[in-house]
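Let's take a walk through this protein together, starting with the whole chain and then stopping at a few helices and loops. Keep the structure open beside you as you read.

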Amino acid sequence: RFLTTELRPYLEGRYRTEPYRILIGWSLGGLFAVHALLSEPDSFDAFITASPSLWWDNKAESAAAAKLFDSGAELRRFLYLSHGRENNGIPESVQAFATVLGRKAPPGLRWKLDYLAGDNHGSVPARAIHNGLESLFSGWAVPEDGFPAAADLENRYAALSMEFGFTCRPNEGMINGK
């Protein structure tokens, strides 16, 4: 509640923001992000996790996900899961959670799992945050090998606006070639 009822209004009152919220968590923070998705899915639009501690409480979040998905819940959200080479129960628990997603996730939940073979528990966050944001925002960049026609650009950003739930516009510098 602190994040949604205190911190968010504070930040929105002081900075220009877009109405799209991303929660990023690593290890136990990743567990928190998955828990937030399952228990308060409207609190954020996207959830990026780096080695989430999904082993906690006998993989309770996998069971909670299965129950939520079986209930027919509609989740129009994005979830990025990742783990590295770790000997802490995280890889197995993340894979088990991904199995639940693969079998039961609602169609509106866009999700991705990355195994970061070159990383361990301490180094996963940097690559996971980068990869998670890149996955989330794939399709935003205009191809560098030729500027699309105006109608194509309008269609691209109309589709992004529909997917993300707010008006997405290309950056002015991109349009002006700067």
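For counting charges here, Lys and Arg are taken as positive and Asp and Glu as negative, while His and the chain ends are left out. On that basis the protein has 18 positive and 21 negative charges, and the mean positions of the two sets are 2 Å apart. Please keep in mind that you are looking at a predicted model.

Now for the overall layout. The protein has seven helices and four strands. Read from the N terminus, the order of elements is α-β-α-β-α-β-α-β-α-α-α. Along the principal axes, the C-alpha atoms fill a box of roughly 55 × 35 × 35 Å. Of the 178 residues, 40% are buried. The accessible surface is about 10,400 Å², and carbon and sulfur atoms account for 53% of that surface. How much of the contact network joins residues at least 24 apart in sequence? Among contacts between residues at least 6 apart, the share is 70%.

A good place to begin the closer tour is helix H3. Its 15 residues should span 21 Å at 1.5 Å a residue, and the end C-alpha atoms are 22 Å apart, which agrees. Buried in H3 are Glu61, Ser62, Ala65, Ala66, Leu68 and Phe69. What do these buried residues pack against? Their partners are the helices H2 and H4 and the strand S4. After H3 comes Gly72, which has a positive phi near 85 degrees.

Follow that packing across to helix H4, residues 90-104. H4 also has 15 residues, and from its first C-alpha to its last H4 reaches 21 Å, close to the 21 Å expected at 1.5 Å a residue. The buried residues of H4 are Ile90, Pro91, Ser93, Val94, Phe97, Ala98, Val100 and Leu101. They pack against the helices H2 (28-39) and H3, and against the strands S3 (77-84) and S4 (109-116).

Next, turn to the loops that follow the strands. Ser27 sits in the loop between strand S1 (22-26) and H2. Although Ser27 is not a glycine, its phi is positive, at about 60 degrees. Is Ser27 buried or exposed? Its relative accessibility is 15%, so Ser27 counts as buried.

Ser51 lies in the loop between strand S2 (46-50) and helix H3 (56-70). Ser51 is not a glycine either, and has a positive phi of about 45 degrees. With a relative accessibility of 0%, Ser51 counts as buried. Which residues does Ser51 touch, leaving aside those up to four places away in sequence? The list is Trp26, Ser27, Ser82, His83, Gly84, Glu86, Ile90, His121 and Val124. Ser27, from the loop we just visited, is thus one of the contacts of Ser51, as is Ile90, one of the buried residues of H4.

Moving along the chain, Ala117 lies in the loop between S4 and H5. Ala117 counts as partly exposed because its relative accessibility is 39%. Gly84 is 33 residues from Ala117 in sequence, yet their C-alpha atoms are 5.4 Å apart in space. Gly84 is also among the residues that Ser51 touches.

Helix H5 (residues 124-136) holds Arg127. Because its relative accessibility is 42%, Arg127 counts as partly exposed. Not counting residues up to four places away in sequence, Arg127 touches Leu116 and Asp119. Arg127 and Ala50 are 77 residues apart in sequence, with their C-alpha atoms 8.6 Å apart.

Our last stop is helix H6, residues 150-164. H6 has 15 residues and reaches 21 Å between its first and last C-alpha, close to the 21 Å expected at 1.5 Å a residue. Its buried residues are Leu153, Tyr157, Leu160, Ser161 and Phe164. They cover an arc of only 100 degrees around the axis, which puts them on the same side of H6. The spacing fits a simple rule: an α-helix has 3.6 residues a turn, so residues three or four places apart point the same way. On the other side of H6, Asn155 and Met162 are exposed. Just after H6, Gly165 takes a positive phi of about 80 degrees.

Note on methods:
Residues are numbered from 1 along each chain as its sequence is written. This is a predicted model: local features need pLDDT of at least 70, side-chain atom pairs count only at pLDDT 80 or more; totals for chains, interfaces and linings use all residues. Side-chain values use heavy atoms; hydrogens and water are left out. Helices (H or I, at least four residues) and strands (E, at least two) are DSSP runs, numbered from the N terminus. Buried means under 20% relative accessible area, exposed over 50%, partly exposed in between (1.4 Å probe, protein chains only). Contact means heavy atoms within 4.5 Å. Accessible areas come from the Shrake-Rupley method with a 1.4 Å probe; for residues, only the protein chains shown count as cover. The place of a charge is taken as NZ of Lys, CZ of Arg, CG of Asp or CD of Glu. The expected span of a helix is 1.5 Å times one less than its number of residues. The arc is that of the directions from the helix axis to the C-beta atoms.
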